Amino acid sequence: MRTEWCRAFPGLAGEVAEARHFVASLVEGHAPVDDAVLVVSELATNAVRHSLSGADGGWFLVVVGFGDDLVRIEVIDQGAECEPRLCEATEQEEGGRGLSLVAGCAKDWGVVNSADRRSVWAELARGSA
């Protein structure tokens with residue numbers, strides 16, 4: 001049986017820290033907290049920076065689902081023209097590594113687009129950190 005928790009956040013950069021605290025409090029003892037916090041931080045930051053969620057009045061939603069052997073972290077934003085993708089950032093670039101970090105610590109990850117929103121998710125193996 002799967003259990004889910006969700007919380008909506010204003011689409012402001014400062015709310016990414018609140019999303020990290022929300023996820024950390026839920027996954028402690030169930031999944032590696034550092035990995036879960038990294039995942040939500042990168043996905044929420046991308047939502048605020050690269051989607052309509054970062055516009056005035058925007059929002060993003062964080063969903064944490066617990067399955068038998070996985071914890072799924074999902075960030076739903078208000079969509080954008082371009083789809084998130086892995087980039088090969090050089091050492092000189094300050095950004096562009098976020099999804100590579102997510103892919104490195106997740107068992108799987110993906111993107112689901114619809115007309116007015118986008119979901120980016122990652123699954124982590126359950127177990128204590």
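In this predicted model, strand β3 (residues 70-77) is paired with strand β5 (residues 118-125) in the antiparallel sense, over 8 bridges. Within this pairing, Ile76 has Ser119 in β5 as its bridge partner. On β3, pairing with β2 is likewise antiparallel and extends over 6 bridges. Gly65 stands opposite Arg72 in β3, and a hairpin of 3 residues joins β2 to β3.

**The sheet**

These strands belong to an open sheet of 5 strands, whose order is β1-β2-β3-β5-β4 and whose pairing is antiparallel. The edge strands are β1 (3-10) and β4 (108-113), each of which pairs on one side only. On average, neighbouring strands of this sheet are turned by 15° against each other, direction ignored.

Strand β3 is mostly covered, with 8 of its 8 residues buried. The cover extends to both faces of β3. On one side lie Leu70, Arg72, Glu74 and Ile76, and on the other Val71, Ile73, Val75 and Asp77, all of them buried.

**Helices on the sheet**

Helix α1 (residues 15-27) packs on the sheet and touches β1, β2 (59-66) and β3. The direction of α1 makes about 10° with that of β2. Helix α2 (residues 33-50) lies across β2, β3 and β5, and runs at about 15° to β3. The two helices are set out below.

| Helix | Residues | Strands touched or crossed | Angle |
|---|---|---|---|
| α1 | 15-27 | β1, β2 and β3 | about 10° with β2 |
| α2 | 33-50 | β2, β3 and β5 | about 15° to β3 |

**Two serine residues**

Ser41 lies in helix α2. Its relative accessible area is 15%, and Ser41 therefore counts as buried, the cut-off being under 20%. Leaving aside its neighbours within four places in sequence, Ser41 is in contact with Val16 and Arg20. Helix α1 spans residues 15-27.

Ser51 lies in the loop between α2 and β2. Because its relative accessible area is 10%, under the 20% cut-off, Ser51 is also classed as buried. The side chain of Ser51 reaches the backbone oxygen of Ala47 at 2.5 Å. When its neighbours within four places in sequence are set aside, Ser51 is in contact with Asn46, Asp77, Gln78, Gly79, Ala80 and Arg118. Among these partners, Asp77 is one of the buried residues of β3, and Arg118 falls in the range given for β5, residues 118-125.

**The chain as a whole**

The chain has 3 helices and 5 strands. Read along the sequence, these elements follow the pattern β-α-α-β-β-α-β-β. Of the 129 residues in the chain, 42% are buried. Among contacts with a separation of 6 or more, 64% are made by residues 24 or more positions apart. The chain exposes about 7,300 Å², of which carbon and sulfur atoms supply 49%.

Taken together, the description centres on β3, which pairs in the antiparallel sense with β5 and with β2. Helix α1 touches β3, while helix α2 lies across β3 along with β2 and β5.

Notes: Residues are numbered from 1 along each chain as its sequence is written. This is a predicted model: local features need pLDDT of at least 70, side-chain atom pairs count only at pLDDT 80 or more; totals for chains, interfaces and linings use all residues. Side-chain values use heavy atoms; hydrogens and water are left out. Two strands pair if DSSP finds at least two bridges between them. Helices (H or I, at least four residues) and strands (E, at least two) are DSSP runs, numbered from the N terminus. Axes are lines fitted to C-alpha atoms, for helices over the stretch in contact, and angles run from 0 to 180 degrees between N-to-C directions. Contact means heavy atoms within 4.5 Å. Buried means under 20% relative accessible area, exposed over 50%, partly exposed in between (1.4 Å probe, protein chains only). A polar contact is a pair of N or O atoms within 3.5 Å; within protein, one must be able to donate a hydrogen and the other to accept it, and residues adjacent in sequence count only if both atoms are side-chain atoms. Accessible areas come from the Shrake-Rupley method with a 1.4 Å probe; for residues, only the protein chains shown count as cover.
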